[in-house]
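Me: Please take a close look at one part of this model for me. Then follow the chain outward from that part, step by step.

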Amino acid sequence: MDSPLRVAVIGYGIAGITAAICLRRLGHAISHFERGGRPRPQGGGLLLSPGAMGTLHRLGAGDRIAALGAAVRSVDHRDPTGRRYLELDLAAHGVARRKNSTTPSTDDLPVGILRGALLDALAEVDGGAAKLQPLGAVHSVDARNGTINDDEGRRIGPFDLVVGADGADSSLREHLRPGIRRDHLYASAALVCALPAPTERSSDRLELIYRGTSHIAVWPVGRRHPGSPEMLNIAVNVPRRELAARRDPADWRRHVVGLCPWLEPSLSTIRESRQLLEYTYRHTELRSLRRGRIVLLGDAAHPMSPQLGQGVDLALADSWALGEALRDDGPLEKALERFDHRRRMALSSRQRLSRWVTPAFQGESRALAICRDGALRIAARSALLRRAMIRSIWS
Ligand SMILES: Cc1cc2nc3c(=O)[nH]c(=O)nc-3n(C[C@H](O)[C@H](O)[C@H](O)COP(=O)(O)OP(=O)(O)OC[C@H]3O[C@@H](n4cnc5c(N)ncnc54)[C@H](O)[C@@H]3O)c2cc1C
């Protein structure tokens with residue numbers, strides 16, 4: 001860009017903080033807005049792909065994440081009795097990628113991390129949340145002049161560029177509505193919590209346990225701070241229409257023990273429904289990630305089910321790519337066109353894969369669940385299929 005831009009970033013999540021870091025480094029003036037003007041408390045955990053870890057290292061947050069997080073060496077798909085459908089040995093794949101080494105570097109493995117620890121690490125690189133501007137929830141933006149309106153009747157701007165990083169239920173996405181190609185709220189949702197990990201259990205595995213259409217994912221997510229207890233993340237899929245009823249802690253504990261009996265001693269700490277975080281899943285595809293002065297990043301631009309564990313990678317890559325597009329001289333319009341083209345190219349195959357596999361893993365069809373179990377058993381017998389699965393998800 002020829003001169004510094006006035007940029008508004010909406011949303012203090014993974015995409016928003018990363019965009020603020022990348023654009024501030026280019027000398028642009030950033031005004032950052034989050035609902036209510038302060039960071040939201042963040043619970044539960046995430047699995048970061050090696051691609052996401054690569055971007056975090058480039059941003060300067062990778063070492064802190066690697067130190068707090070837990071490397072995941074294998075993915076175990078099985079039923080509640082312990083019978084295995086398929087095991088994916090990520091460590092062996094990581095070694096194969098590093099020709100001169102016999103042990104995988106954690107850079108080649110997915111890393112489990114608490115959502116709060118990831119956001120703290122990004123906020124530290126960004127210089128902290130002190131830069132957040134007071135504003136309510138943003139509900140609309142004038143795409144021609146970059147003026148922002150919040151739900152308390154305030155009007156701020158104009159800005160040269162408004163970065164919409166306001167998550168899966170983005171209100172800015174409405175401005176791109178004529179270009180919405182697909183928009184679907186899944187019937188499946190999740191109840192999630194992170195708990196101290198039992199010390200006697202080895203903790204370098206993502207366990208995916210299926211019983212028909214019921215499904216639980218358990219993986220290590222490291223520590224919130226150096227010295228604090230090691231945690232496990234538990235994500236249980238539930239039908240969206242039953243979310244409120246299934247949030248009863250006793251009911252949830254019974255359901256979890258039925259799928260994963262070894263967790264029983266750890267579950268006694270879940271006594272109140274507010275400890276269980278509710279998440280719904282949406283899949284939206286846009287013909288363009290921008291309109292006028294608005295550009296969307298992260299879940300605001302392409303919400304997907306978390307089945308493939310790629311949301312953070314994509315959010316980080318979007319923000320990084322926006323910085324790269326704005327690095328070159330030339331008009332803003334051209335830079336946004338470049339960004340839009342590159343990101344849509346990178347997104348389309350992942351969106352397609354997510355759309356195809358999610359119904360089998362998160363859906364309510366018993367027939368699809370039987371096909372899924374069969375497909376996992378077939379993959380267990382084919383080294384080629386196992387490698388392709390690892391590559392398609394964890395590259
Ligand atoms: C249950 C679950 C498990 C997941 N597991 C994984 C995983 O293991 N690995 C992975 O890579 N991804 C995972 N994901 C996806 C990942 O969480 C998202 O892709 C990622 O958080 C996207 O970041 P974001 O910054 O775009 O959005 P968000 O993290 O949602 O941040 C959006 C921010 O915008 C703010 N905001 C919203 N509306 C407004 C408004 N109107 N005005 C101002 N601010 C607003 C919000 O408060 C929030 O701070 C998971 C998602 C879910 C739901």
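Reply: Axes here are lines fitted to C-alpha atoms, for helices over the stretch in contact, and angles run from 0 to 180 degrees between N-to-C directions. Helices (H or I, at least four residues) and strands (E, at least two) are DSSP runs, numbered from the N terminus. The model is predicted, so local features need pLDDT of at least 70, side-chain atom pairs count only at pLDDT 80 or more, and totals for chains, interfaces and linings use all residues. Residues are numbered from 1 along each chain as its sequence is written.

Start with helix 9 and helix 10. Helix 9 covers residues 332–362, and helix 10 covers residues 366–380. Their axes come within 7 Å and cross at roughly 105°. That crossing makes helix 9 roughly perpendicular to helix 10 (under 35 degrees is roughly parallel, over 145 roughly antiparallel, 65 to 115 roughly perpendicular, the rest oblique).

Which residues in helix 9 and helix 10 meet? P359, A360 and F361 come from helix 9. L368, C371 and R372 come from helix 10. By class, this contact holds 5 nonpolar residues, no polar ones and 1 charged residue (Ala, Val, Leu, Ile, Met, Phe, Trp, Tyr, Cys and Pro are nonpolar; Asp, Glu, Lys and Arg are charged; the others, Gly among them, are polar).

Now follow helix 10 to the strands. Helix 10 lies across strand 5, strand 6 and strand 14 (contact means C-beta atoms, placed from the backbone, within 7 Å). Helix 10 runs at about 50° to strand 6.

Those strands lead us into a sheet. Strands of a sheet pair through backbone hydrogen bonds, either parallel or antiparallel. Here, two strands pair if DSSP finds at least two bridges between them. This sheet is open, with 7 strands in the order 6-5-14-15-16-13-17. Its pairing is mixed. What are the edge strands? They are strand 6 (84–89) and strand 17 (277–286), and each pairs on one side only. From one strand to the next, the twist averages 20°.

Look at the end of the sheet with strand 6. Strand 5 (residues 74–78) pairs with strand 6 in the antiparallel sense, over 5 bridges. One bridge links H77 to L86 in strand 6.

Helix 10 has company on the sheet. Helix 7 (residues 249–259) packs there too. Helix 7 touches strand 13, strand 14 (205–211), strand 15 (214–222) and strand 16 (231–239). The direction of helix 7 makes about 105° with that of strand 16. Strand 14 is therefore a meeting point: helix 10 lies across strand 14, and helix 7 touches strand 14.

Next, step back along the chain to two hairpins. Strand 9 (residues 138–142) and strand 10 (residues 147–150) pair antiparallel over 4 bridges. V141 has I148 as its bridge partner in strand 10. This hairpin has 4 residues between its strands, and G146 takes a positive phi near 70°.

Strand 10 also pairs with strand 11, again antiparallel, through 2 bridges. N149 stands opposite R155 in strand 11. The hairpin of strand 10 and strand 11 has 4 residues between the strands, and G153 takes a positive phi near 85°.

After strand 11 comes a special bond. The peptide bond from G157 to P158 is cis, with omega near 0°. P158 sits in the loop between strand 11 (155–156) and strand 12 (161–164).

Last, the whole chain. It has 11 helices and 19 strands. Its C-alpha atoms fill a box of roughly 60 × 50 × 45 Å along the principal axes.

How values were computed. Two residues are in contact if their C-beta atoms, placed from the backbone, lie within 7 Å.
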